[in-house]
Amino acid sequence: MALQVAGGVGCCCPPPLPGVCGQRWQPRAALCRLLPRPNNAVASGAAAVVEEDEGKVRLGGSGVAVTKLGIGAWSWGDTTYWNDSEWDDRRLKEAQEAFDASIDNGMTFFDTAEVYGTALMGAVNSESLLGGFIKARQQKEQIEVAVATKFAALPWRFGRGSVLSALKKSLDRLGLSSVELYQLHWPGIWGNEGYLDGLADAYEQGLVKAVGVSNYNEKRLRDAHARLKKRGVPLAANQVNYSLIYRTPELNGVKAACDELGITLIAYSPIAQGVLTGKYTPERPPTGPRANTYTPEFLTKLQPLMNRIKEIGASYGKNPTQVSLNWLTCQGNVVPIPGAKNASQAKEFAGALGWTLTNDEVEELRTLTREIKGIKMPIEEA
């Protein structure tokens, strides 16, 4: 069955905003007393992301609440981009340990997609893996998990029926009767209005608790919001590439539109596919497809930023990964979903929560990244 996280509103405290991040960490109860609810969190009658008693946030105007940091499952089962083109028992064990460590550390929101781990070169479907991990954990104890997956807008898929058909296959792989969030993975070459109608149909049929889009630019986002609104269905999220070194959503109007319309921005690649961990240097760049983007030349330009991230992190007892993720949460209305390939990474991600950078630190890091360009995503301009 679907494992829905309750969406009741608890505390008056808003999600982390630059104003919140302008102070060193304070106990949460104290922050709730000190901070007024921001007036700009709601516009045009849209619902804002609301902080929950259990450290969760509501996705847009939906009734679904998720943890403030989610886990991306792109790498689980993949052999085309991750895992050195190989999926084996060791990687499977590590992925299951990553899932369990995420649950143990309070991160219960998982994002996958039907195309993650497609049947190429020994790949295993990510949805099937996630469903298996949930089932195995449920046999040990009752857990709350929020699952998000995505519809692939492939050229041969037409109309609203294709969305429902794909969703039902995803539910079969996951072993669930519904999911918390179903998203259009990217804009289709054609048929996007039909896809949106399919999302609304799925919502009305109770197959999904909330609907969203991914890789949508501002115009497409506003059009999708308006079309769904006519059906009485809130557009809960837009999942886009967003990190300290890839701030296109701030520049192309997507972040502002999300804030205005009450749509949660889910940030994929929030640590720039591992580059913001500090693991890679000009002498030791990443391998595989990432090497084409994160070259030694790029990493050389990145070093002043990485050095400052390390200095700031040291003052909090945090590492570069945790500082980079915390910077994103300080933008407000953002739920980062870093990918965890093993338990160690999942535990590391949890250290990004429970504290905040100061306002000055947030702006200093923003300034240091202005001349740094991350991965180009042409689909956002389509």
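How many bridges join S3 to strand S4? In this predicted model, the count is two, and S3 runs parallel to S4, which covers residues 109-111. One pair of residues shows where the strands meet: Gly72 stands opposite Asp111 in S4.

That pairing belongs to a much wider picture. The protein chain holds twelve helices and ten strands, and eight of the strands form an open sheet. Reading across, the order is S3-S4-S5-S6-S7-S8-S9-S10, with parallel pairing. Strand S3 (71-72) and strand S10 (334-336) sit at the edges with a single partner strand each, so one side of each has no neighbour in the sheet. For the chain as a whole, 57% of the 382 residues are buried. Contacts in the chain also reach a long way along the sequence: of those with a separation of 6 or more, 77% are between residues 24 or more positions apart.

Moving further into the sheet, strand S7 spans residues 211-214. Its residues take turns: Val211 and Val213 point one way, Gly212 and Ser214 point the other way, and all of them are buried. On one side, S7 pairs with strand S6 (residues 181-184) in the parallel sense, over three bridges. Here Gln183 stands opposite Gly212. S7 also pairs with strand S8 (residues 235-241), again running parallel, and this time four bridges do the joining. Two of the S7 residues can be matched up with S8: Val213 stands opposite Asn238, and Ser214 has Gln239 as its bridge partner.

What about S8 itself? Seven of its seven residues are buried, so the strand is largely enclosed by the rest of the structure. Besides its link to S7, S8 runs parallel to strand S9 (residues 264-268), and five bridges join the two. Asn238 turns up again here, standing opposite Leu265 in S9. That puts Asn238 opposite Val213 in S7 as well as opposite Leu265 in S9.

Helices link these strands along the chain. Going from S6 through helix H5 (residues 192-204) to S7 gives a right-handed β-α-β unit. Carrying on from S7 through helix H6 (residues 218-230) to S8 gives a right-handed β-α-β unit too. S7 therefore takes part in both units, ending one and starting the other.

Both of these linking helices also pack against another helix. For H5, the partner is helix H4 (residues 159-174): the two pack at an angle of about 50°, with their axes 7 Å apart. That angle makes H4 oblique to H5, and the crossing is right-handed. On the H4 side, the contact is made by Gly159, Arg160, Ser162, Val163, Leu164 and Leu167. H5 brings Gly194, Tyr195, Asp197, Gly198, Leu199, Asp201 and Ala202 to the meeting.

For H6, the partner is helix H8 (residues 254-261), and their axes come within 9 Å and cross at roughly 20°. Because of that angle, H6 counts as roughly parallel to H8. Their crossing is right-handed. Glu218, Leu221, Arg222 and His225 are the H6 residues involved, and they meet Val254, Ala257, Cys258, Glu260 and Leu261 in H8.

Finally, a loop residue deserves a look. Leu244 lies in the loop between S8 and helix H7 (248-251). Is Leu244 buried or exposed? Its relative accessibility is 0%, and buried means under 20%, so Leu244 counts as buried. Setting aside neighbours within four places in sequence, Leu244 is in contact with Leu276, Leu305, Ile309, Trp327, Leu365, Arg366 and Thr369. Take Arg366 from that list: Leu244 and Arg366 are 122 residues apart in sequence, yet 7.1 Å separates them in space, C-alpha to C-alpha.

Note on methods:
Residues numbered from 1 in each chain as written. Predicted model: local features only at pLDDT ≥ 70, side-chain atom pairs only at ≥ 80, totals over all residues. Heavy atoms only, no water. Buried < 20%, exposed > 50% of the residue type's maximum accessible area, 1.4 Å probe, protein only. Pairing = 2+ DSSP bridges. Right-handed = clockwise from strand over helix to strand, strands pointing away. Axes fitted to C-alpha atoms, helices over the stretch in contact; angles between N-to-C directions. Parallel < 35°, antiparallel > 145°, perpendicular 65-115°, else oblique. Left-handed = near helix turned anticlockwise from the far one by under 90°. Contact = heavy atoms within 4.5 Å.
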